[in-house]
Amino acid sequence: MRARYGVPLTLTAVGAAGLAYAAGYEVRSFRLRRVTVPVLPRGMRPLRVLQVSDIHMVGGQRKKQRWLQSLAGLRPDFVINTGDNLSDPDGVPETLDALGPLMEFPGAYVFGSNDYYGPKLRNPARYLLEKVQGRHGLNGNAPAVGVVHNPWQDLRDAFDAAGWVGLSNSRGRLKLEGIEIALTGLDDPHIKRDRYAEVAGGPESGADLSLAVVHAPYLRSLDAFTADGYPLILAGHTHGGQLCIPFYGALVTNCDIDTDRVKGLSTHTADGRTSYLHVSAGCGTNRYTPVRFACPPEATLLTLTARD
């Protein structure tokens, strides 16, 4: 009896414990990642950039709200929000409450698919199937139908009123005590809203630094930004793989970037040029898969320093 049932019962217990950890602890185990990136002109003082991404706010997530509010204590020079703030059509007030202290700082933003549309219940195994088939988002898949439309305009209006710069297929600038940052952004490639032709041309002259911002790090966007000469690209979307294998890493990225660059700082090369790329693992999850394993929720404080 012991030999016949011992192994299945042990595996069941281990699985249940892992699920309890992923859904009960790690998904609320918020972390701050710190990264140094040498992209500034020589002689320029360091800049501290706080990147928040993939909040996926659902009503009642008080701990997440308090943690996001506490990030204002870092006193960043400016904030970059790389999208997917919502996972609930009624989540705008709580999202703005969570980001309120950060909106006191200069900032910029792009939107992700979940800012526009509510998530749909789907089998997580489909992410693996789509990876094998080379299908991601609307790139090769049928357009989304019957989806919930989120009130993204309310989010946009609040960000704009706070002075944050919208970068959906557009350019903008931030002025920081004698320093001028030029920003170029794209709308979400995951749902084919990116229009690089509208912002092509590379970094602007006269700015002390130019940065590129996009929600989902699809290769076509990374190639375009890199070929145009942007020194740093900021993105989110991947959730760091969300459900990872310890000592191995992510299985999927939910886009066409490789799993080695699913989160953190790396580089990207195109047309003989190389840019730094930072992908945030984000601090939330789809409301229908509220679990994380070996991939804690995060925000990132990037310290930009002078080039070597």
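This passage describes the architecture of a predicted protein model, from its overall composition to selected elements and one residue.

The protein contains seven helices and twelve strands, and 51% of its 308 residues count as buried. The accessible surface comes to about 13700 Å², and 54% of that area belongs to carbon and sulfur atoms. Among the contacts that join residues at least 6 apart in sequence, 77% link residues that are at least 24 apart.

One sheet of the model is open and consists of six strands, which follow the order β1-β12-β2-β3-β4-β5 with mixed pairing. Its edges are formed by β1, covering residues 31–40, and β5, covering residues 165–166, each of which pairs on one side only. Within this sheet, strand β3 (residues 78–81) and strand β4 (residues 107–109) run parallel and are joined by three bridges, with Asn81 standing opposite Tyr109 of β4.

Val49 offers a view of the surroundings of a single position in strand β2, which spans residues 47–52. The relative accessible area of Val49 is 2%, and the residue is therefore classed as buried, for which the cut-off is under 20%. When residues up to four places away in sequence are set aside, Val49 touches Phe78, Ile80, Thr300, Leu301, Leu302 and Leu304. Of these contacts, the one with Phe78 bridges a separation of 29 residues in sequence, while the C-alpha atoms of Val49 and Phe78 lie 5.3 Å apart in space. As a general point, the side chains of a regular strand alternate between the two faces of the sheet.

A further set of pairings centres on strand β7. Six of the seven residues of β7 (residues 179–185) are buried, so this strand is largely enclosed by the rest of the structure. With strand β6 (residues 170–176), β7 pairs in the antiparallel sense over seven bridges, and the bridge partner of Lys175 in β7 is Glu180. Strands β6 and β7 form a hairpin in which two residues lie between them, and Glu177 in the turn has a positive phi of about 50°. By contrast with this antiparallel pairing, β7 and strand β8 (residues 209–213) run parallel and are joined by five bridges; here Thr184 has Ala212 in β8 as its bridge partner.

Helix α7, which spans residues 219–227, has Ser221, Leu222, Ala224, Phe225 and Thr226 as its buried residues. The cover over these buried residues includes β7 and β8, together with β9 (232–235), β10 (264–270) and β11 (273–279). After α7 comes Gly229, which has a positive phi near 95°.

The packing of two other helices can be described in similar detail. The axes of helix α3 (residues 92–99) and helix α6 (residues 152–161) come within 10 Å and cross at roughly 25°. Angles under 35 degrees count as roughly parallel, and α3 and α6 are therefore roughly parallel to each other. The crossing in which α3 passes α6 is right-handed. At this contact, Val92, Thr95, Leu96 and Leu99 of α3 meet Asp154, Leu155, Ala158 and Phe159 of α6. In general, an α-helix has 3.6 residues a turn, so residues three or four places apart point the same way.

Conventions:
Residues are numbered from 1 along each chain as its sequence is written. This is a predicted model: local features need pLDDT of at least 70, side-chain atom pairs count only at pLDDT 80 or more; totals for chains, interfaces and linings use all residues. Side-chain values use heavy atoms; hydrogens and water are left out. Two strands pair if DSSP finds at least two bridges between them. Helices (H or I, at least four residues) and strands (E, at least two) are DSSP runs, numbered from the N terminus. Buried means under 20% relative accessible area, exposed over 50%, partly exposed in between (1.4 Å probe, protein chains only). Contact means heavy atoms within 4.5 Å. Accessible areas come from the Shrake-Rupley method with a 1.4 Å probe; for residues, only the protein chains shown count as cover. Axes are lines fitted to C-alpha atoms, for helices over the stretch in contact, and angles run from 0 to 180 degrees between N-to-C directions. Angles under 35 degrees count as roughly parallel, over 145 as roughly antiparallel, 65 to 115 as roughly perpendicular and the rest as oblique. A crossing is left-handed if the near helix is turned anticlockwise from the far one by less than a right angle, and right-handed if clockwise.
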